[in-house]
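User: Let's go through this model feature by feature. Start with whatever I need for reading side-chain neighbours.

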Amino acid sequence: MNIFEHHLSEIKKLIISEKDSLKLKDVDDLHGVNLEVPPEQFNFDLSCNIAMVLGKKNKINPKILALKIKDIFLNKINNFSEIDIAGPGFLNIKLSKLALIKNINEILKNNIYGSNKSNETYNIEFVSANPTGPMHVGHCRGAIYGDVLANLLKFNGNKVTKEYYINDYGTQIENFVKSVHFRILQIKYKKEFPNNENLYPGLYIKDIAENIIKKNIKMDFKNYKQDFEFLKEESIKASMELIKKDLKLLGITHDNFFSETYIVNNNLVNKTIKKLKEKNFVNEGFLQPPKGETKENWKKVKRLIFRSTLFGDDSDRALQKDDGSWTYFANDVAYHMDKVNRNYNNLINILGADHTGYIKRISAAVSALSENKVKLNCKVCQLVKLYKNGEPYKMSKRAGDFISAQDLLNEVEKDQIRFMMLNRSNDVELDFDFNKVKEKTKDNPVFYVQYAYARINSLLRTLNLSLFENSILNENQINFNEMEEKIIRKVFEWPKIIDSASRKFDLHKIPFYLYELSTLFHSYWSRGNEDKNYKFIIKDQIKRKEILSVINLVALVIQNGMKILGVSLPKKM
């Protein structure tokens, strides 16, 4: 139950019915009216801006209008017990004790509290690291973001496919296979590995080469051209096994793996271009020189061009290279045509920091292919900077020129990685401090949330109770103190957090909220150590029934939140 949505609907209906008594001429558009959490200095449950919205539209002093609305609310809405007018006309509202009991009991009976019911279909493509070696730290952030977004959308009742696009075609794959081949020659015939910047130097290449040799003892591997397809298949298979292993250690599995080679072998680009041509979205022509390039230096070549400016892009895009072969973009358009044909309502691409400039063109392609029926949302995950002992963390020799996911997993646990990778908005760089995430203090958010849950379970073990047992309140059992009121209000806010995170894909709001809720709980716990009036238990008995309800509210929200984040909740710490 979302009490904000429920009471906002109630308020809007009442205002419309009382239009004449309030002398309002314009109540047609109430979209600007909202119900929020009041600032902490106000001891109230809800805050509404309706007097200011309607005052402006109807040219009435908002404070005078607020006084009239206040009287109507108190007379007509039984769930409101007290209202105060603050600032330019905000209505700060306190719920009645009966309303509090009803809301708390409904929450405690709802094991998916916070879920905003929906029934959409989503395809989320994420990670999609080139299959040329193990994952690096940059991939980890996007991988966790995509996985948690899938969890969130599923929590809301949607159907989600988690997809990995395997870039197993093109120059980078040829260089990767060459690297493996040269390592094979080095191992088998003692030939020196070439000093070539296009090759992959990581020691993992040597591991792949050794495994291929072991499995194929009779092959001499001297004819690169003849062995290319075999080496490509075996090398990509080995690399994908490394990637899948890293993903599994991070708690991530994909539902579908889609190969770029499949696009080429099944002529999907030609089929896609044909469809776009039929709609007059592709034609032959000449591109203008890129920004910074003079016309004199620009080679004018006639080629197929996608008219992406028709769909909001900054310029039209080439589908062919100078030699007439397809561009990477052409293959990507064909891939998204396949996605569109699979009848998803929504497509989501999780991209790396270097792909920001790619968003407009691929979004234009999806609009053209789906006739604006399918929405593509691209989210970019910015870079991760690792620190240890106050210094930047150095790269692994085994990986080559990057810090691998395995390096990260060797230093810290999966739970710490998943939580902290989401602790800041995806569109800003993230500093990941190994020392900080290992601390068992308030400064380590993941520990602090897990510790709150462990404390609650410890308390319940003392009482010989299970979670949510004997936590339902009746009308006579109400006497919340100020600490409990703060926690209850925070719990009421949870559906709003889920709603905002779902609509804007702002996943960082979830760990941030869980940390705030846990901090309130720990503060209450500590208060009991200082003042016996705030103690939870006396002589192994719960002091007041309300306490049991409040701590179960906290446990329920932490359970749902950490399940979405894919972070474990130990009952003992």
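Analyst: Two residues are in contact when they have heavy atoms within 4.5 Å of each other. A word on ground rules: this is a predicted model, with local features needing pLDDT of at least 70 and side-chain atom pairs counting only at pLDDT 80 or more, while totals for chains, interfaces and linings use all residues. Residues are numbered from 1 along each chain as its sequence is written, and side-chain values use heavy atoms, leaving out hydrogens and water.

User: Okay, try it on L553. Which residues does L553 touch?

Analyst: Setting aside residues up to four places away in sequence, L553 touches I104, I107, L108, I488 and V491. L108 sits 445 residues from L553 along the chain, yet their C-alpha atoms are separated by 6.6 Å. L553 belongs to helix α20; helices here are DSSP runs of H or I with at least four residues, strands are E runs of at least two, and both are numbered from the N terminus.

User: Is L553 buried or exposed?

Analyst: The cut-offs are under 20% relative accessible area for buried, over 50% for exposed, and partly exposed in between, using a 1.4 Å probe and protein chains only. L553 has a relative accessible area of 0%, so it is buried.

User: What gives the most to the largest nonpolar core?

Analyst: Such a core is a set of buried Ala, Val, Leu, Ile, Met, Phe, Trp, Tyr and Cys residues joined through side-chain atoms within 4.5 Å. The largest has 144 residues, and F73 and F432 touch the most other members. Helix α20 (residues 545-565) gives the most to this core, with 13 residues. Not counting residues up to four places away in sequence, the contacts of F432 include L386, Y387, L408, M420 and V437. Another core, of 33 residues, lies apart from the largest one; V269, Y335, A364 and V380 are among its members.

User: Now strands. Which strands pair with β5, and in what sense?

Analyst: Strands of a sheet pair through backbone hydrogen bonds, either parallel or antiparallel. The test here is that DSSP finds at least two bridges between two strands. β5 pairs with strand β6 (residues 159-166) in the parallel sense over five bridges, and N123 has T161 of β6 as its bridge partner. The route from β5 to β6 goes through helix α5 (residues 137-155), and this β-α-β crossover is right-handed, meaning that with the strands pointing away from the viewer, the path from the first strand over the helix to the second runs clockwise. β5 also pairs with strand β11 (residues 346-352), again in the parallel sense, over four bridges; there I124 stands opposite I348.

User: Why is β5 largely enclosed by the rest of the structure?

Analyst: Because four of the five residues of β5 (residues 121-125) are buried.

User: And an antiparallel case?

Analyst: Look at the open sheet of three strands in the order β8-β9-β10, where the pairing is antiparallel. Its edge strands, β8 (282-285) and β10, each pair on one side only. Two bridges join β9 to β10, and F306 stands opposite R317 of β10. In the loop between β9 (303-306) and β10 (317-318) you'll find S308, which is buried, with a relative accessible area of 0%. Neighbours within four places aside, S308 is in contact with D313, S315, D316, R317 and A364.

User: Which residues are closest to the centre of the largest pocket?

Analyst: On a 1 Å grid over the protein atoms alone, a pocket is an open set of points where a 1.4 Å probe fits, with protein on both sides within 12 Å along at least five of seven lines, and lining residues have an atom within 4 Å of a point. Volume is the space filled by probe spheres set on the points, which are joined across faces, edges and corners. The largest pocket has a volume of about 1,100 Å³. Of its 49 lining residues, A129, H136, H139, D354 and H355 are the closest to the centre. α5 gives the most to this lining, with five residues.

User: Last one: what is the phi of F221, and of N372?

Analyst: Most residues other than glycine have a negative phi. F221 has a positive phi, near 60°, and N372 has one of about 65°. F221 is in the loop between α7 (203-215) and α8 (224-249), and N372 is in the loop between α12 (359-370) and β12 (375-381). F221 is buried at 0% relative accessible area, whereas N372 counts as exposed at 57%.
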